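Here's a quick briefing to read alongside the structure. Have the viewer open and follow the bullets topic by topic.

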Amino acid sequence: MTSIDIDPSRLSLVREESTYLALRTTQGGRTVYTTRVPLGDLSVILPLPDPAKPDPDNRKVDPVHAKGFGQYLADKPDWVAPTLLARDTGGCRFEPVSADGTVGYLTVPWALGGIARLITIDGQHRILGVHLEKKRITDEIARIDRDLLRTSNAAKKAKLEEERKALLGRMDRLKTEYVGLDIYVEPDGIRGQQMFVDVADNAKGISSAVRARFDTYRIANRTLGDVVEHPLLKGKVDIENDRMTAKNRNLMGAKHVADLTRAVIAGPGGRISKKAEATLTDSEVIEQTKDFLNIISTAFTGLAAVTEEDIENYDPKLSEKPKNEAPAPPTKAMELRESSLLGSVGMLRVLAGVFKSLREDGVDDGDITEFFKRLDRHMAAPIAGNSIWSTTNAKDDFEPNASAPIMRTQNIVHLTSVITDWYRKPPAAI
């Protein structure tokens with residue numbers, strides 16, 4: 001009987017992790033592992049961003065920008081890119097080999113299949129860009145291989161072989177050229193989101209909408225995730241952009257929701273003081289803000305229509321239809337911006353301030369709702385010359401034919417005071 005010698009080291013076993021040489025240091029009270037990884041490993045150990053499904057712990061990725069980075073790698077052999085930043089939620093293992101414990105082997109779980117995978121803090125576009133470049137090279141080589149089988153022309157074959165060799169060289173670069181990766185040990189998800197804000201804020205900066213989602217230092221931002229679950233807002237808030245353009249299908253942006261929360265707690269022109277930030281609980285802020293949203297979505301017919309509308313109508317993809325297709329019907333929020341003062345976030349901030357003032361005066365929610373119902377028929381926009389906004393003390397806070405109050409703080413505060421006074425001494429029109 002013939003014996004066979006098998007070398008187990010030649011067999012590839014199932015793996016769900018990779019190991020790199022790393023330096024262990026400290027930054028901001030956190031342990032940080034600093035290493036360098038092959039470009040081709042990025043999409044293995046870090047989550048592959050999906051432009052259609054933004055990571056809840058990061059901003060939406062731009063596929064054009066990501067593809068541009070991949071093209072940059074292809075075009076520039078002398079490319080340069082900063083270190084990527086990631087968060088370890090507890091899945092990495094470090095085995096020191098130096099006497100002082102700073103140098104060692106770092107084992108990192110894979111993004112798919114690994115337990116407690118890394119979370120990207122900074123570098124989404126580079127990760128996706130490398131992945132797209134790898135796919136492009138693979139597809140191009142497959143195409144060349146098919147063309148080589150089909151042609152008998154020697155000159156064409158030589159050209160194809162040259163192209164294939166160049167593509168293989170580019171693929172080798174992705175395997176043999178490295179990029180820096182700093183991995184911060186931070187298992188706390190809230191503190192991890194704050195890291196994202198801090199990094200972005202000290203680099204290029206981020207939109208107010210994104211800041212409102214992730215900046216956990218301020219209670220109006222920290223409670224945002226719960227407030228946007230209210231039926232008036234759920235599925236109708238733009239989490240990326242600050243401005244509501246004519247084509248934006250949402251009711252408002254994340255920044256605007258935080259502005260409303262601040263108005264409910266501190267008035268339309270004020271800021272929540274440090275003392276209030278320290279004494280208010282998240283649940284108190286969420287409850288008060290949702291009470292306000294309950295009142296306005298009941299009292300005003302336009303906001304009631306938005307509340308009752310199917311959130312599928314707010315899918316942003318509906319605003320991106322090809323030119324040869326009819327545009328999707330406008331949402332109730334889009335119609336509101338065209339025809340009502342309630343489509344203005346400034347007017348909603350004013351109403352939030354009125355709600356706060358009346359509550360402080362001891363007015364119950366039912367009476368506030370009835371008062372707002374009396375204002376409902378006066379919300380048409382643009383405002384007319386004979387409207388209560390043009391013929392009362394409120395006229396100082398509107399331009400002629402305006403669809404929103406003047407957004408200067410002094411005007412917002414003044415208009416809040418005027419409407420609050422109407423509860424006790426209403427003009428004849430209401």
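**Helix 1 and Ile45**

Ile45 sits in helix 1, which covers residues 42–45. Keep in mind that this is a predicted model. Below, we start with Ile45, then go through the sheet, the cores, the longer helices and a few backbone oddities.

- Is Ile45 buried or exposed? With a relative accessibility of 0%, Ile45 counts as buried.
- Skipping neighbours within four places in sequence, Ile45 is in contact with Ser18, Tyr20, Val37, Val108, Pro109, Trp110, Ala111, Leu118 and Leu181.
- One of those contacts, Tyr20, is 25 residues away from Ile45 along the chain, with 11 Å between the two C-alpha atoms.

**The sheet**

- Seven strands make up an open sheet with mixed pairing, in the order 4-5-1-2-7-3-6.
- Strand 4 (93–96) and strand 6 (119–122) are the edge strands; each has a single partner strand, so one side of each lacks a neighbour in the sheet.
- On average, neighbouring strands here are turned by 35° against each other, ignoring direction.
- Helix 3 (residues 124–150) packs on the sheet, where it touches strand 3 (84–88) and strand 6. The direction of helix 3 makes about 115° with that of strand 6.

**Strand 5 and its partners**

- Strand 5 (residues 103–109) runs antiparallel to strand 4, and four bridges join the two.
- Across that pairing, Phe94 has Leu106 as its bridge partner, while Pro96 stands opposite Gly104.
- Strand 4 and strand 5 form a hairpin with six residues between the strands, and Gly101 takes a positive phi near 80° there.
- Strand 1 (residues 17–27) is also antiparallel to strand 5, joined to it by seven bridges. Leu21 stands opposite Tyr105 of strand 5 in this arrangement.
- Five of the seven residues of strand 5 are buried, leaving the strand mostly covered.

**Nonpolar cores**

- The largest nonpolar core has 64 residues, and those with the most contacts inside it are Phe300, Phe371, Phe372, Trp389, Ile419 and Trp422.
- Which helix gives this core its largest share? Helix 14 (residues 345–360) does, with nine residues.
- A second, separate core has 32 residues, including Leu46, Cys92, Leu118 and Ile127.
- Back in the largest core, Trp389 is worth clicking on. Not counting residues up to four places away in sequence, Trp389 touches Leu341, Met347, His378, Met379, Ile383, Ala394, Lys395, Phe398, Leu415, Ile419 and Trp422.

**Helix 14**

- Helix 14 has 16 residues and spans 23 Å from first C-alpha to last, close to the 22 Å expected at 1.5 Å a residue.
- Why call helix 14 largely enclosed by the rest of the structure? Because 13 of its 16 residues are buried.
- At the N-terminal end, Ser344 acts as the cap: one of its side-chain oxygens lies 3.1 Å from the backbone nitrogen of Gly346.
- Just after helix 14, Gly362 has a positive phi of about 90°.

**Helix 11**

- The 18 residues of helix 11 (residues 282–299) should span 26 Å at 1.5 Å a residue, and the end C-alpha atoms are indeed 26 Å apart.
- Buried residues of helix 11 are Val285, Ile286, Thr289, Asp291, Phe292, Leu293, Ile295, Ile296, Ser297 and Ala299.
- The buried residues of helix 11 pack against helix 7 (219–222), helix 8 (224–227), helix 9 (254–266), helix 12 (301–308), helix 14 and helix 15.

**Backbone spots to check**

- The Ala381 to Pro382 peptide bond is cis, with omega near 0°.
- Pro382 falls in the loop between helix 15 (365–376) and helix 16 (388–391).
- Asn401 takes a positive phi of about 60°, even though it is not a glycine.
- Where is Asn401? The loop between helix 16 and helix 17 (409–424) holds Asn401.
- Asn401 has a relative accessible area of 59%, so this residue is exposed.

Definitions and conventions: Residues are numbered from 1 along each chain as its sequence is written. This is a predicted model: local features need pLDDT of at least 70, side-chain atom pairs count only at pLDDT 80 or more; totals for chains, interfaces and linings use all residues. Side-chain values use heavy atoms; hydrogens and water are left out. A nonpolar core is a set of buried Ala, Val, Leu, Ile, Met, Phe, Trp, Tyr and Cys residues joined through side-chain atoms within 4.5 Å. Buried means under 20% relative accessible area, exposed over 50%, partly exposed in between (1.4 Å probe, protein chains only). Contact means heavy atoms within 4.5 Å. The expected span of a helix is 1.5 Å times one less than its number of residues. A polar contact is a pair of N or O atoms within 3.5 Å; within protein, one must be able to donate a hydrogen and the other to accept it, and residues adjacent in sequence count only if both atoms are side-chain atoms. Two strands pair if DSSP finds at least two bridges between them. Axes are lines fitted to C-alpha atoms, for helices over the stretch in contact, and angles run from 0 to 180 degrees between N-to-C directions.
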